[in-house]
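Open the structure in a viewer and have the selection tool ready. The stops below say what to select and what is found there.

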Amino acid sequence: MRYMATYDLMETVRNTNQWLGATAKTVASYPMFSVFPNPALEWAAAWGEVTERTFERMVVKPDWGIRTFTCDDGKDHLVNVETVVEKPFGDLIHFDVSGREEQPRKILLVAPMSGHYATLLRSTVKSLITNCEVYITDWHNARDIPVSAGKFDVEDYTLYLMEFMKELGPDTHVIAICQPAPLTLAATAYLAELNPDAQPRTLTLIGGPIDPNASPTEVTDFGHRVTMGQLEETMIQRVGFKYKGVGRMVYPGLLQLSSFMSMNGERHSQAFRDQIMRVCRGEASDHDAHNRFYDEYLAVMDMPAEFYLSTVERIFKKGEIAANEFVVDGHKVDIGAITNVAVKTVEGSKDDISAPGQCVAALDLCTGLPDEMKASHLEPGAGHYGIFAGKSWRNNIRPLVLDFIDSNSGPKKPAPKGKAKLKAVKSSAA
């Protein structure tokens, strides 16, 4: 119960700050106070407006905000977000452009489950939807998933990805961004053993920790420095009584956000001070640069405790993917089983989360893949965010990825014969 109390205490603090902001904004904006103009009141109203919005966004799932798209015919077509596969911990969704012919490129974006919603990849989706059929994994907030749905760890995540790939079929091009890259590689390899005909056509891994020890960062150092007991004691709480997932063990989004903010505390503080002054001067707007960024950045989701802990222990501490020792559902997955899926890695030279060397390690693990089906790219001057959503992605990386996809979209080489069929994959949370 102490974990529930801690969870509810964090939510109470957030709710109180939201209320204080709303109160300051309302009281300082009373018309009667305009009789006695006072800059302090204007500042209080501005502080209240920024504070209320800031703490409100922490528990709101952002909307995709992709409503229409102008096609080659010069007309605006509605974009419908459709659920293709619905599961307890995450859905497979499709951005269907109404009235447009189906595009030949079918892309599955594997979004990270690392504290933010899949909408963090909104700009990535927008850049691909122009001439691709885009699907994406939409992970759910663990606080809203009843305990009766069961657990969800790295093995369950891998099985989910396999199911999504099988649903979309062998003409799919998979792009895994950041955290899910190792598990997407494992899912592809397991599918190669279990059902070779269902494998995707290409696999692009962007800034993922395939081998975290290949190039250490603060993230990898932290993973080795703390013990699993310390992580479980300090990071894990039980969902409070306010949400459907009451009693579920999670790594709370609010706790994650405090870690995110502390990494660049002074920069964030200055950004909010500047925004308050812009509101005072009447220069701010509902969708200005500050609000566009922080409406997304502040929206955090709880992560299942078992997924967070198993990621740290098995991917970072033990390096099971890097050592080709990853086990799913009691079966040791052989990454060398990938023989006819073209694999490309993308890294940023200034990535301080998944440093250069961590992702390209995937190519060495693909021992059954011919060299002509392997590719890598190191983007000069690009940080972590830039390689999948920033200027580097738009100007350089996206064209390279699409060229890679197109060059591997011809007739697929037959999978090697003689591999024994493995037992059917069971769904972890049907």
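**Stop 1: the nine-strand sheet**

Select the 9 strands that form an open sheet with mixed pairing, in the order S1-S2-S3-S5-S4-S6-S7-S13-S14. This is a predicted model, in which local features need pLDDT of at least 70 and side-chain atom pairs count only at pLDDT 80 or more, while totals for chains, interfaces and linings use all residues. Residues are numbered from 1 along each chain as its sequence is written, and side-chain values use heavy atoms, with hydrogens and water left out. Strands (E, at least two residues) and helices (H or I, at least four) are DSSP runs, numbered from the N terminus; two strands pair if DSSP finds at least two bridges between them.

At the edges are S1 (68-70) and S14 (374-379), each paired on one side only. From one strand to the next the twist averages 25 degrees; angles run from 0 to 180 degrees between N-to-C directions, and axes are lines fitted to C-alpha atoms, for helices over the stretch in contact.

Next select S4 (residues 106-110) and S5 (residues 133-139), a parallel pair with 4 bridges. Lys106 is opposite Glu133 in S5. Then add H4 (residues 154-168), which lies across S2, S3, S4, S5 and S6 and runs at about 155 degrees to S5.

**Stop 2: the three-strand sheet**

Select S8, S9 and S10, an open sheet in that order with antiparallel pairing. S8 (237-238) and S10 (303-304) are the edge strands with a single partner each, so one side of each has no neighbour in the sheet. S9 (residues 249-251) is joined to S10 by 2 bridges, and Val250 is opposite Pro304 in S10. H8 lies across these strands, S8, S9 and S10, at about 20 degrees to S9.

**Stop 3: H8 and H9**

Keep H8 and add H9 (residues 265-280): the two pack at about 95 degrees, with their axes 5 Å apart. That makes H8 roughly perpendicular to H9 (65 to 115 degrees; under 35 is roughly parallel, over 145 roughly antiparallel, the rest oblique). Phe260, Met261, Ser262 and Met263 of H8 make the contact with Gly265, His268 and Phe272 of H9 (contact means heavy atoms within 4.5 Å).

**Stop 4: the largest cavity**

Which residues line the largest cavity? Select Tyr7, Met10, Glu11, Met58, Val59, Arg143, Tyr243, Pro252, Gly253, Leu254, Val300 and Asp302. H1 gives the largest share of this lining, 3 residues. A cavity is a set of points on a 1 Å grid over the protein atoms alone where a 1.4 Å probe fits but cannot get out, and lining residues have an atom within 4 Å of a point.

Key:
On a 1 Å grid over the protein atoms alone, a cavity is a set of points where a 1.4 Å probe fits but cannot get out, and a pocket is an open set with protein on both sides within 12 Å along at least five of seven lines; lining residues have an atom within 4 Å of a point.
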